[in-house]
Amino acid sequence: MGLLYGLIAVGLALIFGLMDVTNFAHGEFLMIGMYASFFLFTFFAIDPLLSAPLVAAALFVFGAVVYLLIVRFAMRAKANAGMVQIFSTFGLAIVMRGLAQLFFTPDYRSIPHSWLGGKTISVAGIFLPEPQLVGALVSILAFAGLYFFIHRTDFGRALEATREDPGAVALVGIDKNRVFAFGWGLGAALVGLAGAIMAVFFYIYPDVGASFALIAYVTVALGGFGSVFGAFAGGIIVGLVEAVTALMLPPSLKSVGIYAVYLLVVFIRPRGLFGSM
Amino acid sequence: MDKNFAARRRRDLIIAALLAALAALAPLFVKNVYIQNIMVLTLMYAALSQSWNILSGYCGQISLGHALYFGIGAYTTELLFTKFGVLPWFGMLAGGAIAAVIAMGLGYPFFRLRGHYFVIATIVIAEIGLLLFQNWEWAGAAMGITIPVRGDSWLKFQFMRSKLPYFYFALALCCLAWFVTWWLEDSKWGFWWRAVKDNPEAAESLGVVVFNSKMGAAAVSAFLVAIGGAFYAQFLAYIDPESVMGFQFSLLMALPAVLGGIGTLWGPVLGAVILIPMTELTRSYIGGSGRGVDLIVYGGLIVAISLALPQGLVSLFSRSKAKGATR
Amino acid sequence: MTALLETRGVWQRFGGLVANSDVSISVGRGEIVGLIGPNGAGKSTLFNLIAGVLPPTQGSIWFDGKDVTNLPAAERCQRGVGRTFQVVKSFETMTVIDNVIVGALVRNTVMREARRKAHEVLEFTGLAARADVLASDLVPAEKRRLEVARALATEPKLLLLDEVLTGLTPTEAQTGVALVRKVRDTGITVLMVEHVMEIVMPLVDRAIVLDLGKVLVEGKPSDVVRDPKVISAYLGDRHAVSA
């Protein structure tokens with residue numbers, strides 16, 4: 001579970017940390033990913049595991065489009081840039097929830113767990129006993145891939161450089177909007193991947209994103225903004241803390257442990273565990 | 001120059017008095033209970049947003065956890081009333097005081113944090129509060145508290161037959177929050193807060209104790225929000241954790257100020273007058289039929305306004321003035 | 001009469017880096033003192049220690065006859081230390097007059113008096129015409145001037161100027177020099193950090209040259225400029241810069 005948080009968080013970290021933009025619609029990206037995976041399964045009988053790359057690709061396009069249509073303008077705001085980002089993406093989140101209600105489950109119907117989960121386990125069961133295990137594996141691979149991408153490729157470096165100094169980057173011929181659109185796409189694709197996997201063992205409903213969004217923020221902040229490794233480590237910590245709290249406290253209080261750990265960490269290290277900003 | 005300034009202050013005060021008088025007369029013409037209800041909520045959110053604006057707008061410490069203080073105000077009032085028979089008026093003040101003390105207590109660790117780390121900490125602490133109340137048996141846990149009906153009276157601040165007393169209280173609260181803001185705007189605190197928001201290091205070099213400034217803003221802001229929470233509890237006559245401490249309250253306090261103009265005197269009122277009726281109307285008119293269309297419209301408008309007017313709707317009124325001053 | 005400001009054996013280390021080692025300087029009342037030196041000499045660090053941004057690792061700082069080593073910046077301002085920032089830190093969303101009022105509030109708790117004081121300072125610094133303009137709309141030279149105005153509004157005994165003349169056009173620098181003289185004539189002591197010697201030398205009564213975190217030379221500007229140690233320090237610096 002922690003690894004999945006990590007994966008959601010890494011996508012957020014990419015957007016949040018590397019580009020220093022707040023994305024309050026992140027949970028809704030996740031929701032879209034879950035729906036995409038669900039529909040691919042219902043209509044085309046493609047197993048979520050196989051469709052995951054497709055979902056990721058679709059979310060990549062979606063993330064890039066969101067950047068070009070909305071975020072680009074939010075970042076350009078001269079005054080209150082932070083608030084504009086928070087509320088334009090928050091407004092987007094509401095729109096996406098509304099659209100999901102309208103098109104996907106007009107009757108607020110959620111997908112029965114056993115129906116989807118059971119079938120997938122029998123397909124995936126040939127290789128691995130638990131879909132969660134697959135999720136963990138995919139998360140590690142995706143994380144490794146992203147880490148390599150950020151630190152070893154030209155484009156990753158361009159992304160970082162663009163955040164540091166858009167003006168200077170423009171001088172060497174890098175188009176800021178292209179780089180950031182790509183970054184948003186990548187962030188969204190990672191969340192889409194997480195969504196596809198989570199569709200296997202979670203209910204899907206228009207508000208599903210909200211319950212994960214806050215944990216994703218906490219995970220990113222715990223690890224420290226601007227650090228991909230931090231987000232991943234944060235994800236593992238959050239997963240562990242959740243497991244431990246579940247043993248000690250009633251289920252209704254399980255998130256308290258995560259929140260308390262976040263507060264504790266930032267009081268000691270105000271920039272998170274691996275934060276640089 | 002000073003005359004201009006004094007004239008502007010006086011003009012603000014006169015406009016506010018006129019608007020308040022107009023609002024006070026409104027129930028004479030609006031008899032529809034549904035609309036009256038919306039008016040009460042609009043005034044309440046205007047007051048809340050105005051209070052939120054003190055800490056987050058003027059002092060620049062963006063809090064998305066003010067639902068905590070709202071809930072504390074509501075719970076203090078109702079627990080004191082149902083368990084100890086304390087009149088809501090005293091409970092209200094007690095709730096405000098407790099909220100202010102908690103805000104300052106949280107300020108010690110929180111005000112060391114900056115930017116996103118601070119915002120997330122405020123969200124997280126409000127969520128912790130919510131979860132604790134949901135599990136606090138003595139305070140009714142997730143079931144909440146139903147306020148016993150004792151008949152209409154100002155003493156018990158309880159009215160079943162007519163919403164009007166609530167309307168006037170909400171109006172008074174809104175006026176209070178506005179007036180406090182107006183008064184603070186031209187006080188040393190107001191100047192310190194804006195300085196702290198713009199540049200804490202420079203503020204410190206000019207003798208402003210940044211930490212104390214933030215504490216002052218947090219206390220005033222939390223106190224007023226808790227009064228609003230106490231009012232809301234009496235208004236609903238029933239509270240449970242989700243309905244007075246949920247994250248949506250934190251957002252609904254912030255949104256009017258942001259849409260109207262964050263850190264401005266008129267922003268929260270303007271934002272609330274547009275946003276709250278819009279929220280309620282889309283919910284009841286479009287929400288029933290289209291399933292989600294209300295959310296699309298609502299969210300779309302938020303996106304549009306925040307992108308088109310980053311400084312809020314207030315900037316529409318002051319744009320010509322600002323341009324004239326620039327050069 | 002004791003000196004207004006004294007640093008006694010001040011050290012500042014950042015990890016392994018020694019930014020100031022055993023710096024003892026003093027500034028007398030009514031003086032204009034220039035603190036100069038090549039890049040990385042430790043001027044800014046010393047300046048921040050005096051302003052109270054951070055406490056020194058070792059040593060003490062005395063202001064107006066009292067030990068202020070452990071006082072925070074705000075407290076030192078209340079005692080009479082005003083400062084500007086090398087990278088201007090205006091309150092961007094506030095008007096010019098409001099910027100200055102923040103400073104004036106240190107001595108005047110009644111708003112009307114603080115406002116009057118702020119207007120006086122704006123007259124004095126030649127910014128009166130720009131009083132109602134947003135700080136973000138000022139040109140760079142005006143922002144520098146606003147920094148000085150804001151600090152003056154706190155009615156300091158000692159004004160710390162951090163490279164206020166650097167990066168200005170010759171005309172702007174001339175007006176700046178005139179303003180600093182005017183400030184001194186009102187009885188305020190001035191300690192100014194400058195990197196470029198040519199600008200400050202004609203202005204200051206005394207110059208203190210820092211190099212590699214230590215006081216290299218101290219004395220009359222005319223003597224300091226001719227000192228071979230200073231010349232070599234600066235030449236070394238120039239070479240480093242041009243290389």
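# Exercises on chain B and its partners

In this model, 32 residues of chain B are in contact (C-beta atoms, placed from the backbone, within 7 Å) with 40 residues of chain A. The model is predicted, so local features need pLDDT of at least 70 and side-chain atom pairs count only at pLDDT 80 or more, while totals for chains, interfaces and linings use all residues. Residues are numbered from 1 along each chain as its sequence is written, and chains are lettered from A and ligands numbered from 1 in the order in which they are written.

**Exercise 1.** Find which elements of chain B give two or more residues to the side that touches chain A.

*Solution.* Start with the elements: helices (H or I, at least four residues) and strands (E, at least two) are DSSP runs, numbered from the N terminus. Two of them fit the task, α5 (115–134) and α13 (293–308) of chain B. Next, look at the shares: α13(B) supplies the largest, 11 residues. Finally, sort this side of chain B by class: 19 residues are nonpolar, nine polar and four charged. Here Ala, Val, Leu, Ile, Met, Phe, Trp, Tyr, Cys and Pro count as nonpolar, Asp, Glu, Lys and Arg as charged, and the others, Gly among them, as polar.

**Exercise 2.** Describe how chain C meets chain B.

*Solution.* First take the totals: 27 residues of chain C are in contact with 21 residues of chain B. Then name the helices: α2 (73–79), α3 (96–104) and α4 (111–125) of chain C each supply at least two residues of that side of chain C. By class, this side holds 14 nonpolar, five polar and eight charged residues.

**Exercise 3.** Work out how α2 (residues 33–58) and α11 (residues 247–260) of chain B are arranged.

*Solution.* Their axes (lines fitted to C-alpha atoms over the stretch in contact, with angles from 0 to 180 degrees between N-to-C directions) are 8 Å apart, at an angle of about 80°. That makes α2(B) roughly perpendicular to α11(B), since angles of 65 to 115 degrees get that name. Among the residues of α2(B) that meet α11(B) are Tyr45(B) and Trp52(B), and the α11(B) side includes Leu252(B) and Pro256(B). This contact has nine nonpolar, four polar and no charged residues.

**Exercise 4.** Now do the same for α6 (residues 164–185) and α9 of chain B.

*Solution.* The axes come within 11 Å and cross at roughly 175°. α6(B) and α9(B) are therefore roughly antiparallel, the name for angles over 145 degrees. Residues of α6(B) in this contact include Phe169(B) and Ala170(B), while Leu224(B) and Phe231(B) are among those of α9(B). The classes here are 11 nonpolar, one polar and no charged.

**Exercise 5.** Which residues have the most contacts inside the largest nonpolar core?

*Solution.* A nonpolar core is a set of buried Ala, Val, Leu, Ile, Met, Phe, Trp, Tyr and Cys residues joined through C-beta atoms within 7 Å. Buried means that 20 or more other C-beta atoms lie within 10 Å of the residue's own; 12 or fewer is exposed, and in between is partly exposed. The largest core has 263 residues, and Leu59(A), Val218(A) and Ala170(B) have the most contacts inside it. Helix α9 (residues 210–236) of chain B gives the most to this core, 16 residues. Beyond its neighbours within four places in sequence, Val218(A) is in contact with residues including Ile258(A), Ile120(B) and Val124(B).

**Exercise 6.** Is Ala17(B) buried or exposed?

*Solution.* Locate Ala17(B) first, in helix α1 (residues 2–29) of chain B. Because Ala17(B) has 12 C-beta neighbours inside 10 Å, Ala17(B) counts as exposed. For the chain as a whole, buried residues make up 54% of the 327 residues in chain B.

Conventions:
Contact = placed C-beta atoms within 7 Å. Parallel < 35°, antiparallel > 145°, perpendicular 65-115°, else oblique.
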